[in-house]
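Student: I should like to take a close look at a single part of this structure, the surroundings of the ligand. Could you please describe them in a connected way?

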Amino acid sequence: MRIVMTGATAGFGLYAAERLADAGASLTIGARHPAARPPALGGRVAVLPLDLDALANVRAFAAALGEGPIDALVLNAGLQLAKPATSADGFERTFAVNHLAHYLLLRLLAPRLAPGARVILTGSGTHDPAEKTPVTPPVHADADRLAYPGTDPTAESRTRQACFRAYSSSKLCNIMTAREAAKRLPGLSVMSFDPGYVPHTGLGRDNGPIIASLVSYILPLIMKRDRSSTIPRSGQFLADLALAPQYAACNGDYWSVRGPALLRLAPSDLARDDAACARLWDDSARLVDLA
Ligand SMILES: NC(=O)c1ccc[n+]([C@@H]2O[C@H](COP(=O)([O-])OP(=O)(O)OC[C@H]3O[C@@H](n4cnc5c(N)ncnc54)[C@H](OP(=O)(O)O)[C@@H]3O)[C@@H](O)[C@H]2O)c1
């Protein structure tokens, strides 16, 4: 079982990677700092350099993986910014790292995915305005506007809200990409994953350690009980999506952690807009220079 994964060096992704290695998977992870591999993974995984901030790095990572079929692709890396920033390629950085880089990786590796291979994109409940999370929700998944917020008449002018919306929009794109990939790449088991709110990961690190830590303690107290999770719980579910038999035939499904359970739910209205999903796929292809 050969698995390729991003976002395996920290947070619940690291926990999932440990479980995948425990299960005997041949795991290759993309990491920003390959020399600083987490001790928990030790020599049990292959580590290749991958900073998703630049599309050239994604191409180099895909090439370095070499030939041979891949049985599961776990696209879990993600960031949330505190100040607006631009990627190496000139795109809004959250959109570039969370969506565009993963989209490109999926497209580059698609020919190497084994029949029935699983593709998992980590999304977030923040993609859904109906969830009423503390994160400013998305209003669209227009790739060009998300890539260049200066051209977006709906863009938030307030810094925190703009960063939040960039994040929730990128997670909406992950979920829509899973739905569209299930159509465009038949023969795979494609799904998106909402881990719930998982405190004590590195996601809030851009806010500084004090605020990040405070948020990790306070948010679970004010959120709906079943929307708060833990690193082991969400990490185990992510590993299960890659390995457990019950997820072998997913068709763009959205899996969400609710209390102790992982439920297949309908994502937001925006995420279920088939025409918008197709547009996002095609526009993303143009932005990453794929035909
Ligand atoms: N925590 C939550 O409440 C929550 C809720 C919903 C969804 N999510 C999603 O869950 C996923 C994992 O998040 P987490 O909470 O576990 O956060 P985390 O601890 O910060 O882990 C994020 C992972 O993504 C990697 N990453 C970030 N930027 C990268 C880049 N430019 N290139 C390559 N890798 C990069 C990190 O690598 P480094 O080790 O190099 O930093 C790390 O492995 C993310 O997609 C996040 O959006 C989290």
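Tutor: What follows is a description of the ligand and its surroundings, with a few words on the protein as a whole. This is a predicted model, in which local features need pLDDT of at least 70 and side-chain atom pairs count only at pLDDT 80 or more, while totals for chains, interfaces and linings use all residues. Residues are numbered from 1 along each chain as its sequence is written, and side-chain values use heavy atoms, with hydrogens and water left out.

The protein contains eight helices and eight strands; these are DSSP runs numbered from the N terminus, with helices being H or I of at least four residues and strands E of at least two.

Around the ligand there are 28 residues, of which T9, R32, Y167, T201 and R205 come nearest. A residue counts as near the ligand if one of its heavy atoms lies within 4 Å of it. By type, this shell divides into 12 nonpolar, 11 polar and five charged residues. Here Ala, Val, Leu, Ile, Met, Phe, Trp, Tyr, Cys and Pro count as nonpolar, Asp, Glu, Lys and Arg as charged, and the others, Gly among them, as polar.

Several polar contacts can be listed, each being a pair of N or O atoms within 3.5 Å; within protein, one must be able to donate a hydrogen and the other to accept it, and residues adjacent in sequence count only if both atoms are side-chain atoms. T9 places a polar side-chain atom 2.6 Å from an oxygen atom of the ligand. For D51, a polar side-chain atom lies 3.0 Å from a nitrogen atom of the ligand. At G78 a polar backbone atom is 3.3 Å from a ligand oxygen atom. Of the 880 Å² of accessible area that the ligand has on its own, the protein covers 94%; such areas come from the Shrake-Rupley method with a 1.4 Å probe, and for residues only the protein chains shown count as cover. The elements giving two or more residues to the shell are α1 (11-22) and α5 (159-184).

Finally, the C-alpha trace of the protein spans about 45 × 45 × 35 Å along its principal axes.
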